[in-house]
Amino acid sequence: MAGIYIHIPFCKTRCIYCDFYSTTHSELKQRYIHALCQELQNRKDYLKGEAVETVYFGGGTPSQLTEEDFIQIFNTIKEICGLENAIEITLEANPDDLTEEYVSMLQTLPFNRISMGIQTFDDPTLKLLNRRHNSAQATTAIERCRQADFHNISIDLIYGLPGETDKRWKHDLQQAVGLNVEHISAYHLTYEKGTPIYEMLQTCHIREVDEESSVRFFTTLTETLVENGYEHYEISNFCKPGMYSRHNTSYWRGIPYLGCGPSAHSFNRETREWNVSSLTTYISSIEEGHRSYEIEKLDEAARYNEYIMTGLRTQWGVSLEHLGQVFGNKLLKYCRDMAAPHLESGKLNIHNNHLYFTRNGVFVSDDILSDLMYVEE
């Protein structure tokens, strides 16, 4: 099985925290859609005939596309690999784009999952982040999707935002739980260099939350969602039973995927590729008959490190049996040796020959992962 990721880089406005590649130059949209479909055609053999089970439209803001845009892209996908095996087709959307008319249009397309960037239900904070919606619009958008028979809805939340308090974060979670969505992704705010919010932090216009508060917010997150019937299946992701994101899970479980569009990554178990992070360069290179991209060949150490890093993030953990079969006894022993102190301290656990983070281990996951990474001498 395999997946396809479609990057839609267009945004009406830029959120102050976002470091994903996006642009407000929507006048290039038609040329871009044509180039995107051409890339799909040019790379139709990349997945080597594996059945495509997931398609994910990410961004940017994919809900900036029209019905005609989507039809053109879906027709191309159907032509190169078909959609008969696709069990999950996701659209990332902004709440304010999901008007009654737009949701009705989405009903006519193959989408069966909506992922909505809500971030918070606190209106002053939404304004600070330069989000285009407010709390009421977010709630209404979810209700519209329900009425249109979308039964797989995911929302994104961010915690550790400027001025975050326990009361505000608990309110966000109560609002999210009350909406009874199938999936919730919750990420701690990171201040990425080059973003407006990073500059605000550097100039002391806002303050970063302290580590103790961050740990407390994460504890509140996990306890609240688990108590309300959500499975904590990946460090930042929670779902109703069985409703995990199949597309994102493919990234964490080493399943091949084709990524098209500027900055999109692709993976085929042997190499990783990524397209240029420039809309104009991407379009012109495709139009001129070549694709501007970089490629990395994954040696054994790189593949081991990816397996450890992605597997430990999930509820499925790292299979020590699989690790030994694929990477041999040397790397299996290395993993066990490096994990030993964290097993002793209670931050890692082994169950059914799988290695997992414990709740305490999640809080220091980056440090543990760093210890388990293999660097060739």
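Helices (H or I, at least four residues) and strands (E, at least two) are DSSP runs, numbered from the N terminus. The model is predicted: local features need pLDDT of at least 70, side-chain atom pairs count only at pLDDT 80 or more, and totals for chains, interfaces and linings use all residues. Residues are numbered from 1 along each chain as its sequence is written, and side-chain values use heavy atoms, with hydrogens and water left out.

**Exercise 1.** Describe the secondary structure of residues 1-231.

Solution. The UniProt record, an unreviewed entry, places the feature "domain: Radical SAM core" at residues 1-231; such annotations may be inferred rather than shown by experiment. Over this range, helix makes up 40% of the chain and strand 18%. The end C-alpha atoms are 24 Å apart.

**Exercise 2.** Determine the surroundings of T220.

Solution. First, locate T220: helix α8, residues 211-227, contains this residue. Next, consider burial (under 20% relative accessible area is buried, over 50% exposed, partly exposed in between; 1.4 Å probe, protein chains only). T220 counts as buried because its relative accessibility is 13%. Finally, setting aside neighbours within four places in sequence, T220 is in contact (heavy atoms within 4.5 Å) with W169, K170 and L173.

**Exercise 3.** Establish how many disulfides there are.

Solution. A disulfide is counted for a pair of cysteine sulfur atoms within 2.5 Å. For C18, the closest cysteine sulfur is in C15, 6.4 Å away, which is too far for a bond. For C239, the closest is in C145, at 19 Å, again too far. Both residues are buried: C18 has a relative accessible area of 19%, and C239 has 0% relative accessibility. By this rule, the count is zero disulfides.
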